[in-house]
Amino acid sequence: MTFLGIDLGTSGIRLLLIDDGGVPIGSAERSYHASHPHPGWSEQNPSDWIAALEDSIAELRDNYPQFAALRGIGVAGHMHGATLLDNSGRVLRPCILWNDTRSHTQAAHLDAKKPFRAISGNIVFPGFTAPKLEWVRENEPDIFAKTAKVLLPAAYLNYYLTGEYVADMSDSAGTSWLDVGNRTWSNTLLSAGNMRQDQMPRLVEGTDEAGRLRPALLDKWGLGGPVSVAGGAGDNAAAACGIGAQNEGQGFVSLGTSGVLLSARDGYHPAPETALHTFCHAIPGRWYQMGVMLSATDSLNWLARITGQNPTELTSKLDGNLKKPGTVRYLPYLAGERTPHNDAEIRGSFTGLATETSREDLTRAVLEGVAFGLRDSFEALAATNAKLDRLIAIGGGSASRYWIQLIATTLGVPLSLPKSGEFGAALGAARLGITAATGLAANSVMSLPEVRETIDPDKGLTSTFDDAYQKYSSAYLAIKSCQ
């Protein structure tokens with residue numbers, strides 16, 4: 001038997017085919033773009049996802065004979081997106097994405113209503129789904145009136161695959177309509193957001209079977225079937241499945257476009273006042289908490305773009321021993337910030353610039369600023385008594401050893417680097433496909449990766465970085481006051 005993980009990302013889709021032992025067989029990728037018709041808007045056409053999926057499936061089918069033995073599929077998707085369908089299942093407008101901030105006024109209005117934080121366990125952030133629908137109701141009333149179903153991006157792919165309106169708990173926890181502690185839609189929250197229970201997909205656990213691959217796709221893809229489709233997961237819950245973070249004390253730092261610090265939790269411990277996200281895990285009876293910064297490697301990409309370098313060229317000059325914090329300070333708020341400030345309007349800055357400031361100084365400042373932003377999330381998680389004795393580092397930014405040692409020292413915990421191979425959201429999604437198709441227990445499938453290297457904090461610089469972090473923390477209000 002083989003199994004397929006689908007990672008529906010913001011900039012592209014990635015498919016990973018694995019065998020029943022979890023060993024990768026082959027992969028395929030396709031890219032697509034978001035549109036930004038107005039400042040703060042970010043949208044995608046769901047038909048682009050389907051076209052990219054079908055192209056990738058054709059590549060796998062043509063290149064890997066094992067594809068014919070497919071028995072399970074799992075989908076991971078970028079969270080919070082609002083895909084609106086009419087009563088015939090047709091898409092009514094482009095999907096409003098997670099990084100769209102047009103609904104910041106509606107988010108603040110919903111967040112001020114007492115039930116939202118109490119029941120959802122989270123602040124209502126502008127990127128979440130509920131305020132998006134409030135924006136549509138106020139600004140596109142004709143579209144709102146025709147909306148029969150609201151699906152997250154992963155749930156839309158599940159609909160394409162199975163013909164059923166179904167979503168998993170981890171993804172749905174980011175809508176502001178879910179009772180996250182009880183893992184069910186909240187009629188109170190739906191009503192407060194002018195929505196109805198019948199507009200929501202059926203809820204399942206990420207490890208459970210959500211449906212079977214439609215006969216038309218079995219024929220098109222050359223499969224005998226049946227093929228189970230798992231409930232799936234939001235992208236970060238899937239990444240947690242991919243690296244085996246399912247129990248208290250297991251977690252990861254992800255250095256991608258955004259930065260994520262995630263900790264698996266055995267129970268439900270909401271702390272919305274910290275701007276942490278508290279979501280259901282894709283695994284039954286588990287939750288996770290995470291802090292999110294919106295510009296992690298995106299900060300380095302920005303600096304590379306304006307200096308005419310690529311990120312590797314910038315960081316290669318720092319491939320020596322960790323240096324003490326520089327005199328230039330960078331606040332990484334290029335697109336606003338979530339944890340801990342929940343501020344969609346704050347923007348980034350450099351301070352401490354001088355005539356002798358070099359490109360290397362700016363690079364160090366960016367890396368340090370991102371590390372301090374992750375420290376904000378670390379402190380918020382520690383306040384909820386999350387165990388964070390060791391973390392796994394994943395994402396494109398983890399290729400910089402200097403950056404990883406910097407983050408380890410800033411957080412004060414060792415960071416482990418997995419051996420080369422698969423351990424991200426696509427693998428996590430494929431593992432969910434295994435559980436859905438076979439009924440195997442999650443703890444027998446979601447194993448931890450082999451570690452290539454563990455990088456310990458530089459204890460000689462710990463206090464220096466602690467002092468620099470305190471100065472970084474105080475800079476937010478000062479910068480905010482003059483922007």
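The following legends describe close-up views of a predicted model.

**Figure 1. The largest nonpolar core of the predicted model contains 110 residues.** Within this core, the residues with the most contacts are Ile-6, Ile-73 and Leu-161. Helix 15, which spans residues 425-438, contributes the largest share of the core, namely eight residues. A further core of 51 residues lies apart from it, and Leu-367, Ile-455, Tyr-469 and Tyr-476 are among its members.

**Figure 2. Leu-161 and the residues that it touches are shown in close-up.** Residues up to four places away in sequence are not counted here. Leu-161 touches Ile-6 and Ile-73, and these two residues are named with Leu-161 as having the most contacts inside the largest nonpolar core. Leu-161 also touches Leu-53, Val-75, Leu-213, Leu-217, Trp-221 and Val-229. Arg-212 and Arg-214 are likewise touched by Leu-161.

**Figure 3. Met-79 and His-80 are covered by a "binding site" annotation in an unreviewed UniProt entry.** Met-79 is located in the loop between strand 5 (70-77) and strand 6 (83-85). His-80 is also located in the loop between strand 5 and strand 6. Is Met-79 buried or exposed? Met-79 counts as buried because its relative accessibility is 3%, and buried means under 20%. His-80 has a relative accessibility of 4% and therefore counts as buried. With neighbours within four places in sequence left aside, the contacts of Met-79 include Ser-170, Asp-171, Gly-234, Asp-235 and Tyr-288. On the same basis, the contacts of His-80 include Ile-96, Gly-127, Phe-128, Thr-129, Lys-132 and Arg-338. Trp-98, Gly-174 and Phe-279 are in contact with Met-79 and with His-80.

**Figure 4. Thr-83 is a buried residue in strand 6.** Its relative accessible area is 0%, and Thr-83 is therefore classed as buried. Apart from neighbours within four places in sequence, Thr-83 is in contact with residues including Pro-46, Trp-49, Val-91 and Cys-95. Lys-149, Val-150, Leu-151, Leu-152, Pro-153 and Tyr-156 are also in contact with Thr-83. Leu-152 is in contact with His-80 as well.

**Figure 5. The second largest pocket holds about 450 Å³ of space.** Its lining is formed by 24 residues. Which residues lie nearest its centre? They are Gly-21, Gly-22, Leu-427, Arg-431 and Ser-447. Helix 15 gives the most to the lining of this pocket, with four residues. Helix 16 (442-445) supplies at least two residues of the lining. In the lining as a whole, 11 residues are nonpolar, eight are polar and five are charged.

**Figure 6. Two cis peptide bonds precede Pro-226 and Pro-340.** The cis bond between Gly-225 and Pro-226 has an omega of about -5 degrees. Pro-226 is placed in the loop between helix 9 (215-221) and strand 14 (228-230). The cis bond from Thr-339 to Pro-340 has an omega near 5 degrees. Pro-340 is found in the loop between strand 20 (329-331) and strand 21 (349-351).

**Figure 7. Ser-176 and Asn-194 have positive phi values although neither is a glycine.** For Ser-176, phi is near 75 degrees. Ser-176 belongs to the loop between helix 7 (169-172) and strand 10 (178-179). Its relative accessibility is 1%, so Ser-176 counts as buried. For Asn-194, phi is about 60 degrees. Asn-194 belongs to the loop between helix 8 (187-192) and strand 12 (202-204). Asn-194 is partly exposed, with a relative accessible area of 36%.

Key
Residues numbered from 1 in each chain as written. Predicted model: local features only at pLDDT ≥ 70, side-chain atom pairs only at ≥ 80, totals over all residues. Heavy atoms only, no water. Core = buried A, V, L, I, M, F, W, Y, C linked by side-chain atoms within 4.5 Å. Buried < 20%, exposed > 50% of the residue type's maximum accessible area, 1.4 Å probe, protein only. Contact = heavy atoms within 4.5 Å. UniProt positions renumbered as here; feature names shortened; annotations may be inferred. 1 Å grid on protein atoms, 1.4 Å probe; cavity = no way out; pocket = protein on both sides within 12 Å on 5 of 7 lines; lining within 4 Å. Points joined across faces, edges and corners; volume = space filled by probe spheres on them. Nonpolar A, V, L, I, M, F, W, Y, C, P; charged D, E, K, R; others polar.
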